[in-house]
Amino acid sequence: MVSKTKKKLTPVQQEYQALAKKREPSKFTFKNLYRAFLTGGLICLVGEAVQQMFVHFGGYSVKEAASPTVGVMILISVILTCFGVYDKIAQWAGAGTAVPVTGFANAMASAAIEYRRDGIVLGLGGSIFKVAGPVIVFGTIAAFAVGIAYVIFDPNIVGG
């Protein structure tokens, strides 16, 4: 029979465990869900406002306004990342900041900022695509697969 006696912790070990418990990531709560939903919704709302400005003040159609809107949202995300604001928002909001365009821009800008001291080629050039590379490869392969399926199953395409 194995005895279940607890080993006495030293004061240093007790202090460490208390610190570790305090720093432990919070568990799922509706507060986290609410924050993520609110932040993701606000990012999308800003994107919609930017698109509507291009439509109403720039004379673009809704379809034509999509590309410059994405560019502006990327620019906003990178600027906020450079000033450290995006990271503070992400700490508060959690997954809500992972909205594809702004989250991806933040990931790339963060990698560029982190590795800039290692030089342009080996630091910046080699490290910026650690995050972006798998996403780009997956996106390319997925687009190719969807394109093939579209050609095969769409009767309106010539040769399909």
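Let me start with the record: the unreviewed UniProt entry places the feature "transmembrane region" at residues 33-54, 66-86, 93-113 and 133-153, with positions in the numbering used here, feature names shortened, and annotations that may be inferred rather than shown by experiment. What you have in front of you is a predicted model, in which local features need pLDDT of at least 70 and side-chain atom pairs count only at pLDDT 80 or more, while totals for chains, interfaces and linings use all residues. Residues are numbered from 1 along each chain as its sequence is written, and side-chain values use heavy atoms, with hydrogens and water left out.

On confidence, the chain averages a pLDDT of 85, and 92% of the residues score at least 70, pLDDT being the predictor's confidence in each residue, from 0 to 100. Among the elements, helix H3 (residues 66-82) has the highest mean, 95, and helix H6 (residues 120-127) the lowest, 74; helices (H or I, at least four residues) are DSSP runs, numbered from the N terminus.

Now two of the annotated spans. Residues 33-54 are 100% helix, with end C-alpha atoms 32 Å apart, whereas residues 93-113 are 71% helix, with ends 22 Å apart.

Next, the pockets. A pocket is an open set of points on a 1 Å grid over the protein atoms alone, where a 1.4 Å probe fits and protein lies on both sides within 12 Å along at least five of seven lines; lining residues have an atom within 4 Å of a point. The largest holds about 200 Å³, the volume being the space filled by probe spheres set on the points, which are joined across faces, edges and corners. Its lining includes Thr-39, Met-73, Tyr-86 and Thr-102, and H2 (30-58), H3 and H4 (85-93) each give two or more residues.

How many charged residues are in that lining? There are none, against eight nonpolar and four polar, where Ala, Val, Leu, Ile, Met, Phe, Trp, Tyr, Cys and Pro count as nonpolar, Asp, Glu, Lys and Arg as charged, and the others, Gly among them, as polar.

The second largest pocket, of about 160 Å³, has one charged residue in its lining, beside seven nonpolar and three polar. Glu-48 and Gly-47 are among its lining residues, and H2 gives the most, with four residues.
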